[in-house]
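I opened this model to look up a few helices, how they pack, and some residues with unusual backbone geometry. My notes are set down in the order in which I went through them.

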Amino acid sequence: MARKVRIGIIGTGKVGASVAISALQAGVASELLLADAREEAAEGEAMDLAHGAAFYPTATVRTAKVEEMLDTDAVVIAAGRGGKPDESRLDLLRDNASVIRDIGQQLQGYRGIVVVVTNPVDVLTYELARSSGIPVERVIGTGTMLDTARLRQVVGRELRIDPRSVHGQVIGEHGDSEVVLWSSAQVGGTPLRSWDEWTPEHESRVAEEVRDAAYQVVQRKGATNHAIGLVTAHLLRWMLRGERRVLTVSRVQEGALDLRDVALSLPTVVGIDGATRVVVPEMAREERDGLERSAAVLREAIGSVSE
């Protein structure tokens, strides 16, 4: 008999709800526990999701207190408010940092893996690791996984190639200082910069579209939720199945590229034991400089809310 997998989701707003339905459809969890400061909202989401049980792999869905989640395999944190039009992710920081610290205190002693989705995800990943005392490899932010997915989608659109055949990475902050690794991007094993239809003009335009994608969505519908729901569900699936995939997740760095005291995204081996080995990518000089600037932006943000 397959082992039962229990996952908790803290925060059942648009993002938490999208994570929940994506996780259920992906067959990630045997039991899904939902918690929210608005208890009735969590109950409504649990009921709504449970009503669809005939259409996803067998799983139960119910509400729970955070303390009931301490024996789960993974907890997803989607609590806090979302961004507003023309607001950077770092502008969210003061409003969401205290929420994350409170959750971190409640999760002290937790032995599973925590996935932070709430923005600004890098700073809040750092704050959650610090306030909870959970080892840093088991506190994972979704980081630039979504930015990397957006990069693949946009490049694929430009070249009329399926995004799954595009191999490129976005690293650093999930936000305005993110860095696209153009020097190592490939399409079907061919360097992107060797592709006939690709020009330097594409790079600045595509990087801007990827960086500003969330703002464009928020201006139109008020929140980004479906794509990050899919990202988080697949991260959970690959992680809890022990697939040891290399993913651009955020974690507190402990020396890779001499980076410390900051959480940001680098390619990292992710498995049942968390985000363990950081894989240092080859980078052009300007890309490395961009990563250093991104780390400086995040350190300043962390310092602005340090207690």
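The entries below cover helices, helix pairs and single residues.

**Ground rules.** I am working with a predicted model, in which local features need pLDDT of at least 70 and side-chain atom pairs count only at pLDDT 80 or more, while totals for chains, interfaces and linings use all residues. Residues are numbered from 1 along each chain as its sequence is written, and side-chain values use heavy atoms, with hydrogens and water left out. I take helices (H or I, at least four residues) and strands (E, at least two) as DSSP runs, numbered from the N terminus.

**Entry 1, helix α1.** I checked the length of α1 against an expected span of 1.5 Å times one less than the number of residues. The 12 residues of α1 should span 16 Å, and the end C-alpha atoms are 17 Å apart, which agrees. I then listed the buried residues of α1 (buried being under 20% relative accessible area, exposed over 50%, and partly exposed in between, with a 1.4 Å probe and protein chains only). They are Gly16, Ala17, Ser18, Val19, Ala20, Ser22, Ala23 and Leu24. With contact taken as heavy atoms within 4.5 Å, I find these buried residues packing against β1, β2 (31-35), α2 (39-50), β3 (60-63), β4 (74-77) and α7 (226-240). After α1 comes Gly27, with a positive phi near 70 degrees.

**Entry 2, Thr12.** Just where does Thr12 lie? I find Thr12 in the loop between β1 (6-10) and α1 (14-25), and at 5% relative accessibility Thr12 counts as buried. Leaving aside residues up to four places away in sequence, Thr12 touches Ala17, Leu34, Ala35, Asp36, Arg38, Ala41, Ala42 and Glu45.

**Entry 3, the approach to α4.** I noted a cis peptide bond from Asn119 to Pro120, with omega near 0 degrees. Pro120 belongs to the loop between β5 (113-116) and α4.

**Entry 4, helix α4.** Helix α4 (residues 121-132) has 12 residues and reaches 16 Å from its first C-alpha to its last, close to the 16 Å expected at 1.5 Å a residue. I find α4 mostly covered, since 11 of its 12 residues are buried; among them are Val121, Leu124, Thr125, Leu128, Ala129, Ser131 and Ser132. Gly133, with a positive phi near 75 degrees, follows α4.

**Entry 5, α4 against α8.** Two packed helices are described by the angle between their axes and the distance between the axes. The axes I use are lines fitted to C-alpha atoms, for helices over the stretch in contact, and the angles run from 0 to 180 degrees between N-to-C directions. For α4 and helix α8 (residues 285-304) I have an angle of about 55 degrees, with the axes 10 Å apart. That makes α4 oblique to α8, given that angles under 35 degrees count as roughly parallel, over 145 as roughly antiparallel, 65 to 115 as roughly perpendicular and the rest as oblique. Asp122, Val123, Tyr126 and Glu127 in α4 meet Leu298, Ala301 and Ile302 in α8. The residues of this contact divide into 5 nonpolar, no polar and 2 charged, where Ala, Val, Leu, Ile, Met, Phe, Trp, Tyr, Cys and Pro count as nonpolar, Asp, Glu, Lys and Arg as charged, and the others, Gly among them, as polar.

**Entry 6, α5 against α6.** Helix α5 (residues 145-159) and helix α6 (residues 200-221) pack at an angle of about 135 degrees, with their axes 10 Å apart. That makes α5 oblique to α6. On the α5 side the contact is made by Asp147, Arg150, Leu151, Val154, Val155, Arg157 and Glu158, and on the α6 side by His202, Arg205, Val206, Glu209, Val210, Ala213 and Ala214. I count this contact as 7 nonpolar, 1 polar and 6 charged residues.

**Entry 7, two aspartates with positive phi.** Asp258, a residue other than glycine, has a positive phi near 65 degrees. Asp258 is in the loop between β12 (245-254) and β13 (260-271), and at 60% relative accessibility Asp258 counts as exposed. Asp261 has a positive phi near 60 degrees, but is found in strand β13; at 54% relative accessibility Asp261 counts as exposed.

**Entry 8, Thr276.** Is Thr276 buried, exposed or partly exposed? Thr276, placed in strand β14 (residues 274-278), is partly exposed, with a relative accessible area of 26%. Not counting residues up to four places away in sequence, Thr276 touches Glu137, Arg244, Arg251, Thr268 and Val269.
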